[in-house]
Amino acid sequence: MQDFSSQLSNLITQFQQDLEKVSTSDNVEALRVQYLGRKSPFQEVMRSLKDVSVDQRKEFGQAANKAKQDIEAAIEARETDLVNKRFERLGEEEKIDISLPGEKSSVGHLHMVTSAIRDIRRIFEHIGFTQVRHPEIDWEWYPFEVLRIGADHPARDNWETFFVDVPAHPKKGKMVLVPHVSNGQVREMERGELPIRSMNIAKTYRRQSDVSHVPMFHQFEGWIIDKGIRLTDLKGVMEYFVKEYFGEDREIRLRPHHFRFTEPSMELDISCGLCAGKGCSMCKEGWVELGGAGMMHPDVLRAGGVDPEIYSGLAFGWGVERTVSMKAGLNIADLRTMYKNDVRFLEQF
Ligand code: PHE
């Protein structure tokens, strides 16, 4: 009995001495394990409780529990003490009031063009288009020759092209930064798998820089090549996209146009979001131009090794930047602001 009491008090004295010596929170934790853990002297003392006579066991049990609580309280106090000491060492202005609410760190978000690319891709994926990739630097063969725009054709002027200063390919000509993603049309057919229902979204480059043009921009272009593809399919796809991206209330209009690589060719207009198609100072007569589309020219199909007697194809494509800026409510005066990296502008979108 006496034994138990003295064991307990020895233990406490020893513990207090050890606690005095610790200098870090880690050491305090080690001490907790050492004194109260499963293999600790405290547990040993507790085990010896069974040798105490039954009538005294309660009294000693209580004493042991109290000792345990005291040890725990002392450990906690010491820990707080150590933390406070750490802060005392900090200079006046380094001190922090940990009871203050936290400061939110600012989290960025995707660039408006990146999220537009994702939105556009998702919309087309829903109707079975697969995203593919074709070169952004390519032989002029793909964005021009095979699309019936020969080197001397005046239509080339529409694609103010950057040339890359490398030796020309004997058949495929000079290397260019692609001025439109239509280079993917024949490249896609060259993969040799039909039918095709795919799209490419990539960077495109033109020698133009003004309020409505940036020299590097993005285009997406979609293609369907299969048996029996008709203009009505194109119209359906266009209508679906416009309603998904711009909203149910927007209408489409296909206006006759001319591209060398589609026949017939058209331009897609959508009803103006500001005046709902009534006509206003922004749109003049209720429509705004979105981009080009058409049925693939038989020569283009042939250039890709596809027999135009059996297959027909549709194509459509235009600029991502233009598409974002036309989204309801976004009236971006100068497209180039998108690439000035001014967060005051970018964080709004
Ligand atoms: N590539 C054309 C352009 O940049 C647009 C277009 C794409 C036209 C597909 C017809 C079919 O202007």
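Let me start with a word we'll need: a residue is buried when its relative accessible area is under 20%, exposed when that area is over 50%, and partly exposed in between, using a 1.4 Å probe and counting protein chains only. Take Ser198 as a case: its relative accessibility is 3%, so it counts as buried.

Now, what are we looking at? This is a predicted model, so local features need pLDDT of at least 70, side-chain atom pairs count only at pLDDT 80 or more, and totals for chains, interfaces and linings use all residues. Residues are numbered from 1 along each chain as its sequence is written, and side-chain values use heavy atoms, with hydrogens and water left out.

Let's zoom out. The domain assignment splits the protein chain into domain 1 (2–94) and domain 2 (112–346); bounds like these come from an automatic or database domain assignment. How far apart are the C-alpha centres of domain 1 and domain 2? They are 75 Å apart.

Back to Ser198 for a moment. Ser198 sits in strand β5, residues 196–205. When I say strand or helix, I mean DSSP runs numbered from the N terminus: helices are H or I with at least four residues, strands are E with at least two. The side chain of Ser198 makes a polar contact of 2.9 Å with the side chain of Glu188. A polar contact is a pair of N or O atoms within 3.5 Å; within protein, one must be able to donate a hydrogen and the other to accept it, and residues adjacent in sequence count only if both atoms are side-chain atoms.

Okay, on to the ligand. Which residues come nearest to the ligand? There are 14 residues around it, and the nearest are His180, Ser182, Arg206, Gln219 and Glu221. Near here means that one of a residue's heavy atoms lies within 4 Å of the molecule or strand in question. Three of those residues have distances worth pointing at. In Ser182, an N or O atom of the side chain is 2.8 Å from a nitrogen atom of the ligand. In Arg206, a side-chain N or O atom is 3.0 Å from a ligand oxygen atom. And Gln219 places a polar side-chain atom 3.1 Å from an oxygen atom of the ligand. On its own the ligand has 330 Å² of accessible area, and the protein covers 92% of that. Those areas come from the Shrake-Rupley method with a 1.4 Å probe, and for residues only the protein chains shown count as cover.

Where does the shell come from? Strands β6 (216–226), β9 (287–296) and β10 (312–319) each give at least two residues. The largest share, three residues, belongs to β10. By type, the shell has six nonpolar, six polar and two charged residues. For that count, Ala, Val, Leu, Ile, Met, Phe, Trp, Tyr, Cys and Pro are nonpolar, Asp, Glu, Lys and Arg are charged, and the others, Gly among them, are polar.

Next, cysteines. How many disulfides does the structure hold? Zero. Cys275 is in none, and the nearest cysteine sulfur, in Cys283, is 3.5 Å away. Why no bond for Cys283? Because the closest cysteine sulfur, in Cys275, is 3.5 Å off, and that is too far; a disulfide is a pair of cysteine sulfur atoms within 2.5 Å. Cys275 is buried at 10% relative accessible area, and Cys283 is buried too, at 7%.

A bit of backbone now. The peptide bond from Leu194 to Pro195 is cis, with omega near -5°, and Pro195 falls in the loop between α6 (184–190) and β5. Another cis peptide bond links Glu263 and Pro264, with omega about -5°; Pro264 is in strand β8, residues 262–271.

The loop between β8 and β9 holds Ala276, and Lys284 as well. Ala276 isn't a glycine, yet its phi is positive, near 55°. Lys284, also not a glycine, has a positive phi of about 70°. Are they buried or exposed? Ala276 is exposed at 59% relative accessible area, and Lys284 is exposed at 63%.

Last stop: Glu239, in helix α7, residues 231–246. Glu239 is partly exposed, with a relative accessible area of 30%. Its C-alpha atom is 28 Å from that of Tyr142, and 97 residues separate Glu239 and Tyr142 along the chain.
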